[in-house]
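Please take the chain below from its overall order of elements down to single residues, and keep the numbering at hand while reading.

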Amino acid sequence: MQLRNAVALALIGASPLAQASGEDDKVGAEFELGVLVTSGNTEETNFNSRFAITQESRRWRNTGELSARHTEAEDETTAEQYKAEGETNYKLDERQYWFLRGAWEDDRFSGYAFESSLTTGYGNRLWESGEKSFWSVSAGLGYRYNRFDEPDENGEEAEDSAIARFATQLDYAISDRALFRQKLSTEVGLEDNNTISESETALQASVVGNLSMKTAFRVKHVSDPPVTKERTDTETALTLLYTF
């Protein structure tokens, strides 16, 4: 089931690529990796990886992202997460666009076997400067399907609901070698009243050539999580980023 969901979402996100291909296409990709190993009184290993690709033409903007996180302390896994998301934008004009977005997440310690959503709606780049700086906002409707690790108190094995999604992203080029990024999103359940909000604050600076150092702080808040699970998860990461 999880594999089929991931493949379906990937196909949805990639479907416009064939239509958008042309000589004016701009394609970029980045690979991110962070590893921290400690020994002594506490032995711990933290591993973060991420791969993202973007493609842009006169009418289309497409993005796809895969990420993984693993933490092990004293030979015991304490965090394990895999995420995949894709979004396609059809540009109505220089600022406005229609979007279609799919996301899938498997977090071993979240209480969910997996979380998935599909949304579509309207977006607008309210501000843009140069090739790296912009501020965009978007709003839309969609569907969310999350399967529990174990049935809840009512015997339900999954939760599903129509949702409203609101998101914003600010990329600001501090200089030719440094970039600040702030991403915020919230998905409100229109039937189950469960709201899932996420924030990422990141700063990356070029080290040499295409290699950069990146630090990021991420927060995820679930208003009605599975029983015994915390509402808020946070993550701080320091990684190397290679763009090509």
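What follows treats the overall layout, then a run of paired strands, then some side-chain contacts and an enclosed space.

The model is predicted, and each position named here is counted from 1 along the chain as its sequence is written. The protein chain contains two helices and 12 strands, and their order along the sequence is α-α-β-β-β-β-β-β-β-β-β-β-β-β, a pattern in which both helices precede the strands. Of the 244 residues in the protein chain, 39% are buried.

A convenient place to enter the strands is β3, which covers residues 60-73 and is joined to β4 by 14 bridges, the two running antiparallel. Within this pairing W60 has Y90 of β4 as its bridge partner. The hairpin of β3 and β4 has two residues between the strands, and in this hairpin E74 takes a positive phi near 50 degrees.

Strand β4, residues 76-91, also contains A79. Is A79 buried or exposed? With a relative accessible area of 12%, A79 is buried, because the value falls under the 20% limit that is used for buried residues. A79 also has a partner in space that is distant in sequence, since R108 is 29 residues away along the chain while the two C-alpha atoms are 7.1 Å apart.

On leaving β4, the chain passes through a hairpin of four residues into β5, and the two strands run antiparallel with 11 bridges between them. Y90, already met as the bridge partner of W60, stands opposite W98 in β5, and this residue therefore takes part in a bridge towards β3 as well as one towards β5.

Which strand pairs with β5 (residues 96-107) over 10 bridges? The partner is β6, residues 112-129, and the sense of the pairing is again antiparallel. Here E105 stands opposite E115 of β6, which places two glutamates across from each other. Four residues lie between the strands in the hairpin of β5 and β6, where G111 adopts a positive phi near 95 degrees.

From β6 the path continues to β7, residues 133-148, and 16 bridges join these two antiparallel strands. S116 has Y145 in β7 as its bridge partner. The hairpin that β6 and β7 form has three residues between the strands, and G130 in its turn shows a positive phi of about 65 degrees.

Turning to the side chains, the structure holds five aromatic pairs, and arginines are also found over aromatic rings. R61 lies over the face of Y97, at 5.5 Å from the ring centre, and R125 lies over the face of F134, at 3.8 Å from the ring centre.

Finally, how many cavities of 30 Å³ or more does the model contain? The count comes to one, and the volume of the largest cavity is about 40 Å³. Its lining is formed by L179, F180, R181, A202, L203, Q204 and K214, and the elements that contribute two or more residues to this lining are β9 (178-189) and β10 (195-208). Sorted by class, the residues around the largest cavity are four nonpolar, one polar and two charged.

Definitions and conventions:
Predicted model: local features only at pLDDT ≥ 70, side-chain atom pairs only at ≥ 80, totals over all residues. Heavy atoms only, no water. Phe/Tyr/Trp six-rings, centres within 6.5 Å; stacked < 30°, edge-to-face > 60°. Lys NZ or Arg CZ within 6 Å of the ring centre and 35° of its normal. 1 Å grid on protein atoms, 1.4 Å probe; cavity = no way out; pocket = protein on both sides within 12 Å on 5 of 7 lines; lining within 4 Å. Points joined across faces, edges and corners; volume = space filled by probe spheres on them. Nonpolar A, V, L, I, M, F, W, Y, C, P; charged D, E, K, R; others polar. Buried < 20%, exposed > 50% of the residue type's maximum accessible area, 1.4 Å probe, protein only.
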